[in-house]
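Here is a colleague's note, set out as numbered points, to be read with the sequence and the structure side by side.

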Amino acid sequence: SEIVEIGSGRTTFLFNAFKNINVISFEQDLHWKNVIEQFFYNNKIKKPIIKHSEVEPFKNGGKMKNLIPSNCDLLYIDGPYCDFRKNFNTFTGKPCFYDIESFIEKGFFPKIIMVDGRTDTVDQIKKLVGSKYRFIPEMIYSLERGSIFSALNFSRHSIFIKKHN
């Protein structure tokens, strides 16, 4: 199994705890990357693979410059962030991140896509993957979009599960 993680943090620790899972994380903050790697080293834990990648402005937000798409089982999106400008033409006015396009352009459709927050990114993913995935919205997404009953799920992540054809 393979996980591609955009943005490293708590989940990097969780994902790397499993021996039979290959994890590649992409992180834009070089200092944060070094902090996480040092923690793993100091505690004699298997060092994660974290690749540094800058973020570039793209469309109505940004995307990672050096993202290496792969045919992963899980694409976990908890990054990047950007402050290229303050107001974006999105539902919330926050930036949208388009890294999923890099996967789709290469013909890669992860089995599962999980998004931590970033509800405008979720809107973009929904447009790109259409009916190929079952969509389970996170609570905040549901509340922002006025779907009170979906919010009762109390989910912390928006999840896309690839349908079998």
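1. Is Phe 13 buried, partly exposed or exposed, judged by its relative accessibility? Please keep in mind that this is a predicted model. Phe 13 counts as partly exposed, because its relative accessibility is 30%, and the class of partly exposed lies between the limits of under 20% for buried and over 50% for exposed.

2. A search of the whole structure finds 8 aromatic pairs. In one of them, the ring centres of Phe 13 and Phe 39 are 5.1 Å apart and the ring planes stand at 85°, so this pair is edge-to-face. The pair links distant parts of the chain, since Phe 13 belongs to helix α1 (residues 10-15) and Phe 39 to helix α2 (residues 30-42), with their positions 26 residues apart in the numbering. Phe 39, with a relative accessible area of 38%, is partly exposed.

3. The rings of Phe 58 and Tyr 98 also make an edge-to-face pair, because their planes meet at 70° and their centres are 5.5 Å apart. Phe 58 is in strand β4 (residues 55-58), whereas Tyr 98 is in the loop between β7 (96-97) and α3 (99-105), so the pair ties together parts that are 40 residues apart in sequence. Within this pair, Phe 58 is partly exposed at a relative accessible area of 22%, while Tyr 98 counts as buried at 5% relative accessibility.

4. Other aromatic residues deserve a look as well. One aromatic cluster is formed by Tyr 133, Phe 135, Tyr 141 and Phe 160. Two rings have a charged residue over the face: Lys 132 lies over Phe 109, at 5.3 Å from the ring centre, and Arg 145 lies over Phe 91, at 4.0 Å from the ring centre.

5. Which residues touch the most other members of the largest nonpolar core? That core has 23 residues, and the ones in question are Leu 75, Ile 77, Phe 103, Ile 113, Val 115, Ile 125 and Phe 160. At least two residues of this core come from each of β1 (2-6), β6 (74-77), α3, β8 (112-116) and α4 (119-129), and α4 gives the most, with 3 residues. Phe 160 thus appears both in this core and in the aromatic cluster described above.

6. Finally, please turn to the surface, where Ile 140, Leu 143 and Ile 148 make a nonpolar patch of about 260 Å². Of these residues, Ile 148 has its place in helix α6 (residues 148-151).

Technical notes:
Residues numbered from 1 in each chain as written. Predicted model: local features only at pLDDT ≥ 70, side-chain atom pairs only at ≥ 80, totals over all residues. Heavy atoms only, no water. Patch = residues over 30% accessible without salt bridge, like charges linked within 9 Å, V, L, I, M, F, W, Y side chains within 5 Å. Areas by Shrake-Rupley, 256 points an atom, 1.4 Å probe, with all protein chains shown as cover. Salt bridge = Lys/Arg side-chain N within 4 Å of Asp/Glu carboxyl O. Helix = DSSP H or I, 4+ residues; strand = E, 2+ residues; numbered from the N terminus. Phe/Tyr/Trp six-rings, centres within 6.5 Å; stacked < 30°, edge-to-face > 60°. Buried < 20%, exposed > 50% of the residue type's maximum accessible area, 1.4 Å probe, protein only. Lys NZ or Arg CZ within 6 Å of the ring centre and 35° of its normal. Core = buried A, V, L, I, M, F, W, Y, C linked by side-chain atoms within 4.5 Å.
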